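Open the model in your viewer and keep the selection box at hand. Each stop below says what to pick and what is there.

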Amino acid sequence: MYKRYVAGSVRRSLAARRSLQSDPQPDRSEGDINLSGNRTAFMKRHVLSSAKTAAVLDEDAKYFLHQTLSSPCMNVVEDCDGVYLRDAAGARILDFHGNSVHQVGHKNPHVIAAIKRQLDELPFSPRRYTNTTAVALAKKLVELANPGEVEDESERLSRVLFCPGGTGAIGMAMKLARVATGRHKTISMWGSFHGASLDCVSIGGEAVFRKNIGPLLPGANLVPPANEQRCSFNCGGDCNLSCARYVAEVMENEGDISAVIAEPIRCLPYVPKKEYWQLIRAACDKHGALLIFDEIPNSLGRTGQSIFTHHLFSVTPDILVLGKGLGGGIFPLAAMVAKEKYNAAAQSHALGHYTHEKSPVGCAAGLATLEYIESHGLIENARIIGDHAVAELSGWVSRKHKYVSSVRGVGLLVGVELSVPGSGEKAVDEAEKVLYRCLELGLSFKVTAGCILTLCPPLTITKEQMDTAIGIIDQALTDFGL
């Protein structure tokens, strides 16, 4: 019977590819798409030989709406624990992707216990009521966001709104910026991702979400991001802050920008100089614009230096947006944390108004997540294991592996960039082949910008597990002569 499932799954995959031949193919530089030849070959070679897996994939493809970055899916997961996934065929996979929700590891027992207790005590809180769990999490986030003394109380990050997901939190931040400034224009970065709703794709910079979708929000200005490896301003490999000065120039010329919305550290990863954000912070102050930091994917200790990413740059945003791992990798939860001075402006508007705005269960998960990060020293572990990984991988650059053009990162956010030797062009096809070979060998990660192997493991990872992952990537590169 499984042969029928295999044949059907492959046939549908090939039919889907043929049906799109007249349309532009999704850009592989923005994610591992499900219509590529490399994925089809991987599934035929490694996945669809399992009758159980093929049957579930068959049902998934039948009932879920097809879209390029998810369904039809490539495999079936049955269990997750710590740094591992287990698929339906029983294979264990080191999860260095995790949709960036797994800072405390999959199936964290401390988070699960907190959720179970809360379910027994108070599973839901209607919007006109508050509850002690939600208040406790809001208080904790305010404490963490202001680690030192703040002389001007109005400048403290002290006002919180919760919602079920990061996209919604970005939307709330955009509305608060409009209310606070009386303006609607924004500045954000090409290549960025802030969510998949229409307002968020308007400020996001990835074509796979923006193209052929119709009119986007007016006033959304996109600018080149900081990236000295592939600089739009030809800085020569040492950032001279031309990119930051350009942001300031756009603010000057537009004159009525409401907010700059950006990831302080992009998922490439790219860590800009402190002066980059300090210059943009000063420009926002000069022109009356808010600075909104989207820390949804890369916060909560991942940098190995602080609980929040912006602390690395000695810059305080007007609005901080958190999500993904805030719910412990189990419960959907996001937060917007704004400066005190914007509280009065927001009082006559409904910026959030989400059904699960103060979810007791979600907030219990959030509190347990923060407790676990602190009590188990996960920030320090991220620094130690991340430094070790970068040191090991850096030895590959242009020597052991000729296609490895750079290794960079901070904490447990590490990127291995693949470029074509000589030309320096992005090695997109090679990176995708390496991804699927690594999946066969037991390692999952995301390919960012088409050619960057982005390694984003749980902060609970051990040195031995990291070394296993490095060995798998080494093997995959070697297999393809890269």
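**Stop 1: K446**

Select K446. This is a predicted model, and K446 counts as partly exposed in it, because its relative accessibility is 35%. The cut-offs are under 20% for buried and over 50% for exposed, so 35% falls in between. K446 sits in strand β13, residues 443-448. Now add H97. The two are 349 residues apart in sequence, yet their C-alpha atoms lie 5.7 Å apart in space. Beyond its neighbours within four places in sequence, K446 is in contact with H97, I452, L453 and T454.

**Stop 2: the sheet around β13**

Colour the strands of this sheet one by one. It is an open sheet of seven strands, in the order β1-β2-β3-β13-β14-β12-β11, with mixed pairing. Which strands stand at the edges? They are β1 (77-81) and β11 (404-410); each has a single partner strand, so one side of each lacks a neighbour in the sheet. From one strand to the next, the twist averages 30 degrees.

**Stop 3: from β1 to β3**

Start at the β1 edge. β1 and β2 run antiparallel and are joined by four bridges. Select V77 and D87: D87 in β2 is the bridge partner of V77. The β1 and β2 hairpin has two residues between its strands, and G82 there takes a positive phi near 65 degrees.

Move on to β2 (residues 84-87) and β3 (residues 92-96). They pair in the antiparallel sense over three bridges. Y84 stands opposite L94, and R86 stands opposite R92. This hairpin has four residues between the strands; G90 in the turn has a positive phi of about 95 degrees.

Show the side chains of β2. In a regular strand, side chains alternate between the two faces of the sheet. β2 follows suit: L85 and D87 point to one face and are buried, whereas Y84 and R86 point to the other and are not.

**Stop 4: the other edge, β11**

Select β11. Five of its seven residues are buried, so the strand is largely enclosed by the rest of the structure. Its link to β12 (residues 413-418) is antiparallel, with six bridges. Pick R408, and you find G415 of β12 opposite. Two residues lie between these strands in their hairpin, where G411 has a positive phi near 60 degrees.

**Stop 5: another sheet of seven strands**

Hide the previous sheet and show this one. It is open, with the order β4-β10-β9-β8-β7-β5-β6 and mixed pairing. β4 and β6 (220-223) are the edge strands, each pairing on one side only. Here the twist averages 20 degrees from one strand to the next.

Zoom in on β9 (residues 319-322) and β10. They pair in the antiparallel sense over four bridges. L322 has A335 in β10 as its bridge partner. Add two helices. α5 packs on the sheet and touches β4, β9 and β10; its direction makes about 135 degrees with that of β4. α10 (residues 274-287) also packs on the sheet, touching β5 (185-189), β7 (257-262), β8 (290-294) and β10, and makes about 140 degrees with the direction of β8.

**Stop 6: K339**

Stay on β10 and select K339, which lies in that strand. Is K339 buried or exposed? K339 is buried, because its relative accessible area is 5%. Its contacts, leaving aside neighbours within four places in sequence, include S154, E155, R156, R281, T316 and D318.

**Stop 7: a pocket**

Turn on a surface. The second largest pocket holds about 550 Å³ of space. Its lining counts 27 residues; R159, V160, L161, N343 and E357 lie nearest the centre. The elements giving two or more residues to this lining are α5 (132-145), β4 (157-163), β10 (334-339) and α11 (343-346).

**Stop 8: two helices to check by ruler**

Select α3, residues 51-63. At 1.5 Å a residue, its 13 residues should span 18 Å; the end C-alpha atoms are 19 Å apart, which agrees. Its buried residues are T53, A54, A55, L57, D58, D60 and A61.

Finish with α15, residues 463-479. Its 17 residues should span 24 Å, and the end C-alpha atoms are 24 Å apart, which agrees. Buried residues here include Q465, M466, D474 and L477. G481 follows α15, with a positive phi near 65 degrees.

Technical notes. Residues are numbered from 1 along each chain as its sequence is written. This is a predicted model: local features need pLDDT of at least 70, side-chain atom pairs count only at pLDDT 80 or more; totals for chains, interfaces and linings use all residues. Side-chain values use heavy atoms; hydrogens and water are left out. The expected span of a helix is 1.5 Å times one less than its number of residues. Buried means under 20% relative accessible area, exposed over 50%, partly exposed in between (1.4 Å probe, protein chains only). Two strands pair if DSSP finds at least two bridges between them. Axes are lines fitted to C-alpha atoms, for helices over the stretch in contact, and angles run from 0 to 180 degrees between N-to-C directions. Contact means heavy atoms within 4.5 Å. On a 1 Å grid over the protein atoms alone, a cavity is a set of points where a 1.4 Å probe fits but cannot get out, and a pocket is an open set with protein on both sides within 12 Å along at least five of seven lines; lining residues have an atom within 4 Å of a point. Grid points are joined across faces, edges and corners, and a volume is the space filled by probe spheres set on the points.
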